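User: I should like to understand how the descriptive terms applied to a protein model are justified. Please take me through the reasoning term by term.
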Amino acid sequence: MSSLTPDPSVSASAPVPARHPRLDPLADRYAARTHGMKSSEIRALFSVVSRPEVVSLAGGMPAVTALPLDAVGSMIGELVSGMGAQTLQYGSGQGDPRLRERICDVMALEGITDASPSEVVVTVGSQQGLDLVTRVFVDPGDVILAEAPSYVGALGVFQAAQARVQHVLMDDDGLVPEALEDALIECRARGDKVKFLYTIPNFHNPAGITLTEERRAKVMEIADRYDLLVVEDNPYGLLGFDREPMKALRARDAERVIYLGSFSKTFSPGLRVGWVLAPLAVREKLVLATEAQVLCPPSLTQYAVARYLDTQPWQQQIKTFIELYRERRDATLDSLTALMPPGTSWTRPDGGFYVWLKLPAGLDAKRMQPRAVSAHVAYVPGIGFYADGQGTEYMRLSYCYPEPDQIREGVRRLARVVEAELDLHSTFDTVDTGRFRAVRPATPQVPVVEPITGPASSDTVGDQP
Ligand SMILES: Cc1ncc(COP(=O)(O)O)c(C=O)c1O
């Protein structure tokens, strides 16, 4: 071919300058699993909630300033000056053996008395634990059962793994066993591969609900009957206000339950130390997966947690946290009762960080959000806690971070916003433009149910003026 003859193969592949350069020139090269990735409702709020004039009932940030900061500071300083050769060095993929022993002591407080340090894998927060378990078990298209609503960070992990999430109804007593069984039957009939049930039995994020003893037994009985693996996510279990911690699901079945724990809520989220407790065969896969991901969890923060558990009154500190969160929970519930307009209802958590609020009929928490931000109060719209577009009428309120006075002011602002929205709604509803109605998916993928707002443990102010 002469040099004057155009070579079609060359011209076809030669880069053609785009007339309208694309925003992201790599857009068509990303892996398929990135397509479902999106910023969570919570992350989207970050820039707003950090403004000083805004009362944030949005983020689930623990009250770390209640820690003995000087003592923790000197402890960490000594770990570097006295043990730098270990604490500043790489460590084992499975995590520091001393810390894994202490983790077993922590889990014993929730009835897990048979765990061996060899079954524990230390992770970068329980979030990494969730990711590892998902990587080890889930292929694209597999089904994961999860409460409706469910932890937004878990939904993100499941979405990135291209799993399909099927929600299971919750009510005031937690996950509904009959609904779990129905979901399993449905999945079997469709030929779905259900890889596990993901559940948060204690002080649920975002619902604030705790699974009752009776239901724990039923859920595990169903799991046994259907050969279902259970992933128990338990970062809040030691933060109960009114009673001793409940027995973990893992304490009932060591083979069928993979347990995720965390020091984020009982010590510090900034240290990023969590763990997975799993049967030995699973543990082996988890260690391989974590080594591929991070080589090993950070040595310094592992030593810091182990030293904290060895030398500081950590159980007393948990009691301090409990008192602080109880006061904030009370401020939230009292203000909601005093101020929210009729038709609003909410859960009454007896531990943890969150209240789950249902707006009066027809209101949509996501649509109301700009009005709330203008009124200097922030919350997380409920829709982010579902994988299927449910939850428009719900919001999550976190009471863990703001002081009680700020909480009262935040709820006062929120109540005004809801009232204003109701006014607007009723005005437009008379004209019936249809625009202010809550939007539901035209064909819901799961039956639309009325979860977790029954009379047993939730407050309703429907009858008040
Ligand atoms: C239910 C649940 N699981 C897991 C996590 C992740 O916690 P971490 O990675 O800080 O241990 C959180 C954090 O809020 C949570 O609420």
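User: What makes α7 and α8 count as meeting, and which residues are involved?

Analyst: The model is predicted. Two residues are in contact if their C-beta atoms lie within 7 Å. Pro 177, Leu 180 and Glu 181 in α7 meet Arg 215, Lys 218, Val 219 and Ile 222 in α8. This contact comprises 4 nonpolar residues, no polar ones and 3 charged ones.

User: Why are α7 and α8 called roughly parallel?

Analyst: Helix α7 covers residues 177-190 and helix α8 covers residues 213-225; their axes come within 9 Å and cross at roughly 15°. Angles under 35 degrees count as roughly parallel. The two helices, α7 and α8, are therefore roughly parallel to each other. As for handedness, α7 passes α8 in a right-handed crossing.

User: What is the term for the way α4 lies relative to α10, and why?

Analyst: The axes of helix α4 (residues 97-108) and helix α10 (residues 299-311) come within 9 Å and cross at roughly 50°. That angle makes α4 oblique to α10, because the oblique class takes the angles left over once those under 35 degrees, over 145 and from 65 to 115 are set aside. The crossing of α4 past α10 is left-handed.

User: Which residues form the contact of α4 with α10?

Analyst: On the side of α4 they are Arg 98, Leu 99 and Arg 102, and these meet Gln 302, Val 305, Ala 306 and Leu 309 in α10. By class, the contact of α4 with α10 holds 4 nonpolar, 1 polar and 2 charged residues.

User: How do you know whether Phe 203 is buried or exposed?

Analyst: A residue is buried if 20 or more other C-beta atoms lie within 10 Å of its own. Phe 203 has 25 other C-beta atoms within 10 Å, and so it is buried. Phe 203 lies in the loop between β6 and α8.

User: What is notable about phi of Phe 203?

Analyst: Phe 203 is not a glycine, yet its phi is positive, at about 45°. Most residues other than glycine have a negative phi.

User: Why does His 376 count as partly exposed?

Analyst: The class of partly exposed residues lies between the exposed limit of 12 or fewer neighbours and the buried limit of 20 or more. His 376 has 17 C-beta neighbours inside 10 Å, so it counts as partly exposed. His 376 is placed in the loop between α12 (365-374) and β12 (377-378). Its phi is near 65°, which is positive although His 376 is a residue other than glycine.

User: Which peptide bonds that precede a proline are cis, and what are their omega values?

Analyst: One of them runs from Ala 148 to Pro 149, with omega near 5°. Pro 149 is in the loop between β3 (143-148) and α6 (152-160). Another cis peptide bond joins Asn 205 and Pro 206, with omega about 15°. Pro 206 belongs to the loop between β6 (194-199) and α8. Most peptide bonds are trans.

User: What makes a residue part of the shell around the ligand, and which residues come nearest?

Analyst: A residue is near a molecule if its C-beta atom lies within 6 Å of it. There are 14 residues around the ligand, and Gly 125, Ser 126, Gln 127, Ser 262 and Ser 264 come nearest. Helix α5 (residues 125-137) gives the most to this shell, with 3 residues. The shell divides into 4 nonpolar, 9 polar and 1 charged residues.

Definitions and conventions:
Residues numbered from 1 in each chain as written. Predicted model: local features only at pLDDT ≥ 70, side-chain atom pairs only at ≥ 80, totals over all residues. Helix = DSSP H or I, 4+ residues; strand = E, 2+ residues; numbered from the N terminus. Nonpolar A, V, L, I, M, F, W, Y, C, P; charged D, E, K, R; others polar. Axes fitted to C-alpha atoms, helices over the stretch in contact; angles between N-to-C directions. Left-handed = near helix turned anticlockwise from the far one by under 90°.
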